[in-house]
Amino acid sequence: MSTRKWTGREDGSGPEHRRWHHAVNEFSSGTGVSLIGFASDAGVRRNGGRPGARGGPDAIRQALASFAIRPEFAVSDAGDVVVEGDELEAGQENLGELVAKQLSDGNLPLVLGGGHETAYGSYLGLARSGLLDGRRLGILNLDAHFDLRTADRPSSGTPFRQIAAREAERGAEFAYAVAGISEPGNTAALFETAAGLNVRHLLDVDCQERRLEPVLDFVRGFVADVDALYLSIDLDVLPAAQAPGVSAPATLGVPAAVVLEVCRLVASDPKLALADITELNPVYDADHRTARIAARLAHTLVTSRPVPEGH
Ligand SMILES: N=CN[C@@H](CCC(=O)O)C(=O)O
Ligand SMILES: [Mn+2]
Ligand SMILES: [Mn+2]
């Protein structure tokens with residue numbers, strides 16, 4: 001657990017005034033959601049994107065600190081994995097170790113930040129924890145992109161291709177679904193790769209608010225087919241007006257209200273084992289808008305979980 005102290009707005013000392021900074025600072029033992037920061041520019045840089053993701057974890061923490069949160073929700077901060085320079089592979093290994101540790105302690109890891117290369121480190125943690133042994137893993141990605149690139153080196157564009165290879169190695173079916181795919185944001189080759197891997201996807205145009213029920217049905221159908229779920233959120237799934245602070249802003253995007261409903265649905269399911277919120281780039285943010293929506297998604301994931309007995 002991180003020793004860093006969170007600070008934020010104070011309205012009084014009682015539980016009725018509780019905010020995230022109180023929740024994180026008062027956490028000493030037990031289980032709950034464990035935040036892990038992944039401070040990395042390496043994946044986006046290798047993928048030809050605009051750097052700045054390194055500052056993502058702290059920007060999300062800052063946005064979370066003064067959010068109100070009810071006393072029954074336990075959250076802790078496990079600190080950051082920092083990727084120095086181009087040391088991406090080492091960073092992903094370190095992230096995997098920290099995720100596995102949180103899982104074995106009985107926590108739900110919620111990884112914040114990085115380009116989407118975060119996802120491979122998150123997955124390594126799940127694989128290392130033993131939680132996948134004999135179980136079907138489902139990966140639900142909310143993203144404008146498939147991130148199934150083949151490249152000489154891992155980047156923010158390759159994580160789910162890397163995971164597909166690892167799932168094949170353990171003899172498991174690669175169960176991967178993406179909601180929010182932008183047609184002009186993915187080449188025919190990527191659509192073909194996705195089809196070849198039996199990836200289920202919904203286009204951004206089919207994830208607008210008027211289509212909320214079919215989107216939720218898509219998610220329900222996918223979750224029903226797996227034993228454990230990993231939810232990965234790439235903030236570039238959101239409309240650029242709601243999330244300007246990303247490397248590749250959306251041309252249409254899935255409205256935050258829809259993304260939020262998916263988060264509520266998924267987090268209320270005990271199958272959820274791991275989540276991450278990636279691609280925040282504070283350098284291009286406007287009035288902390290993207291950091292605040294990232295924080296709102298994190299808050300929704302925490303507060304939509306079944307409350308443990310005794311509360
Ligand atoms: N995580 C990044 N994924 C996208 C970026 C697209 C872009 O830079 O336009 C990708 O590689 O496809
Ligand atoms: Mn992505
Ligand atoms: Mn994306």
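This report walks through the overall fold, one helix and two unusual loop residues.

The model is predicted, so to speak from sequence to coordinates: local features need pLDDT of at least 70, side-chain atom pairs count only at pLDDT 80 or more, and totals for chains, interfaces and linings use all residues. Residues are numbered from 1 along each chain as its sequence is written, while chains are lettered from A and ligands numbered from 1 in the order in which they are written.

The chain has 10 helices and 8 strands (DSSP runs numbered from the N terminus: H or I of at least four residues for helices, E of at least two for strands). Its radius of gyration, taken over C-alpha atoms, is 18 Å, which agrees with the value near 19 Å for a compact globule of 311 residues; that rule is 2.2 Å times the number of residues to the power 0.38. Half the story is burial: 50% of the 311 residues count as buried, meaning 20 or more other C-beta atoms, placed from the backbone, within 10 Å of a residue's own.

Now to helix 6 (residues 159–169), where P159, F160, R161, Q162, I163 and E167 are buried. These residues pack against helix 5 (118–129), strand 4 (137–142) and strand 5 (175–181). After helix 6 comes G171, with a positive phi near 75°.

Two residues other than glycine also have positive phi:

| Residue | Phi | Loop | Other C-beta atoms within 10 Å |
|---|---|---|---|
| D147 | near 55° | between strand 4 and helix 6 | 30, buried |
| E279 | near 75° | between strand 8 (272–278) and helix 10 (289–303) | 33, buried |

Conventions: A residue is buried if 20 or more other C-beta atoms lie within 10 Å of its own, exposed if 12 or fewer, and partly exposed in between; C-beta atoms are placed from the backbone. Two residues are in contact if their C-beta atoms, placed from the backbone, lie within 7 Å.
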